[in-house]
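Me: I am new to this structure and would like to learn how to read its features one at a time. Could you show me where to begin?

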Amino acid sequence: CIYKKRPPGKIVYKSPKYTIRRVKGSKHQLFCQCLCLFTKLFLDNKSMYFKVDHYEFYIVYETGFNKPMAFFSKDLVSYQQNNLACVLTFPPYQRRRLGSLLLEFSYRLSRYEGILSGPELPLSPFGLISYLKYWSKAICYELVMGELANFGRLTLENIATVTGIRIPDII
């Protein structure tokens with residue numbers, strides 16, 4: 001495999017613990033197709049695995065190592081402004097909060113782009129649990145310690161603007 005020494009894509013986030021690389025499906029088609037096919041082993045409702053040209057993949061690696069641990073895919077042409085199409089943490093790396101890291105990262109990308117967004121629907125049962133946990137945590141943080149802590153009167157629009165979460169998802 002040509003990617004054993006250096007994984008594909010561009011580094012978009014790096015910490016002492018984790019590195020996230022953005023891989024374009026149009027540029028690294030076979031790699032992304034294999035990632036999607038491998039994902040099909042773990043997610044029943046996964047249906048996209050050959051037409052990866054219009055997707056970007058954000059893959060988590062342990063800093064200094066070249067084995068993918070988790071990833072999410074993002075549709076580049078999303079009329080609903082979805083920030084995430086599929087997210088998966090590979091079984092050996094579960095229980096490390098990588099899913100939460102990727103959900104938060106997807107919302108940070110959306111806020112950077114200046115859009116309110118959310119996941120592609122329908123969510124899987126595990127996806128719904130993960131998102132409810134993330135949304136609750138993000139909203140509570142902003143209400144208690146973040147930008148919304150000193151607001152006298154809040155609206156759903158205020159919460160959506162600060163968190164980047166779509167109003168139906170907040171509700």
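**Reading the model, feature by feature**

Reply: Let us begin with a single residue and its surroundings: leaving aside neighbours within four places in sequence, asparagine 82 touches Lys74, Gly118, Pro119, Glu120 and Arg166. Asparagine 82 belongs to strand S5, residues 82-84, and with a relative accessible area of 11% this residue is buried. Please keep in mind throughout that this is a predicted model.

Me: Which side chain makes a polar contact with the side chain of asparagine 82?

Reply: The partner is the side chain of arginine 166, at 3.0 Å. Arginine 166 also has a charged partner, since its side chain and that of aspartate 169 meet in a salt bridge with N to O at 3.4 Å, and both arginine 166 and aspartate 169 are buried.

Me: How should I read a salt bridge, and how many are there here?

Reply: The general idea is that side chains of opposite charge can pair when their charged atoms come close. In this structure the count is four salt bridges. One of them joins the side chains of arginine 22 and glutamate 56, with 3.7 Å from N to O. That pair links distant parts of the chain, for arginine 22 sits in strand S2 (residues 18-24) and glutamate 56 in strand S3 (residues 55-62), 34 residues apart. Arginine 22 is partly exposed at 23% relative accessible area, whereas glutamate 56, at 11%, is buried.

Me: Where do the two partners of the salt bridge between lysine 74 and glutamate 113 lie?

Reply: The closest N and O atoms of lysine 74 and glutamate 113 are 3.1 Å apart. Lysine 74 is in strand S4 (residues 68-75) and glutamate 113 in helix H2 (residues 98-113), so this salt bridge ties together parts that are 39 residues apart in sequence. Lysine 74 is buried, with 8% relative accessibility, while glutamate 113 is partly exposed, with 44%.

Me: How do I read a helix, and which residues of H1 are buried?

Reply: In an α-helix there are 3.6 residues a turn, so residues three or four places apart point the same way. The buried residues of H1 are Phe31, Cys32, Gln33, Leu35, Cys36 and Thr39, and the elements that cover them include S2, S3, S4 and strand S6 (86-89). Leucine 30 also lies in helix H1, but at 61% relative accessibility leucine 30 is exposed. As for its length, H1 has 12 residues and spans 17 Å from its first C-alpha to its last, close to the 16 Å expected.

Me: How many disulfides does a search of the whole structure find, and why is the sulfur of cysteine 36 not bonded to that of cysteine 32?

Reply: A disulfide is a covalent bond between the sulfur atoms of two cysteines. The search of the whole structure finds zero disulfides. For cysteine 36, the closest cysteine sulfur is that of cysteine 32, and because the two are 6.9 Å apart they are too far for a bond. Cysteine 86 is likewise in no disulfide, its nearest cysteine sulfur being that of cysteine 36, 7.0 Å away. Cysteine 36 is buried at 0% relative accessibility, and cysteine 86 is buried at 6%.

Me: What can I learn from the backbone, and which residue follows leucine 121 across a cis peptide bond?

Reply: The peptide bond from leucine 121 to proline 122 is cis, with omega near 5°, and proline 122 is in the loop between strand S7 (118-119) and helix H3 (125-144). Another backbone angle to look at is phi. Glutamine 81 is not a glycine, yet has a positive phi of about 60°; glutamine 81 lies in the loop between S4 and S5 and is partly exposed, with a relative accessible area of 35%. Arginine 97, also a residue other than glycine, has a positive phi near 65°, and arginine 97 is found in the loop between S6 and H2.

Me: What is the mean pLDDT of the protein chain, and which element has the lowest mean?

Reply: As a caution, where pLDDT is low, the predicted coordinates should not be read in detail. Here the mean pLDDT of the protein chain is 93, and 98% of its residues reach 70 or more. Among the elements of the chain, helix H1 (residues 29-40) has the lowest mean pLDDT, 91, and S2 has the highest, 98.

Key
Residues numbered from 1 in each chain as written. Predicted model: local features only at pLDDT ≥ 70, side-chain atom pairs only at ≥ 80, totals over all residues. Heavy atoms only, no water. Helix = DSSP H or I, 4+ residues; strand = E, 2+ residues; numbered from the N terminus. Buried < 20%, exposed > 50% of the residue type's maximum accessible area, 1.4 Å probe, protein only. pLDDT = per-residue confidence, 0-100. Expected span 1.5 Å × (residues − 1). Contact = heavy atoms within 4.5 Å. Disulfide = S-S within 2.5 Å. Polar contact = N/O pair within 3.5 Å; in protein donor to acceptor, adjacent residues only side chain to side chain.
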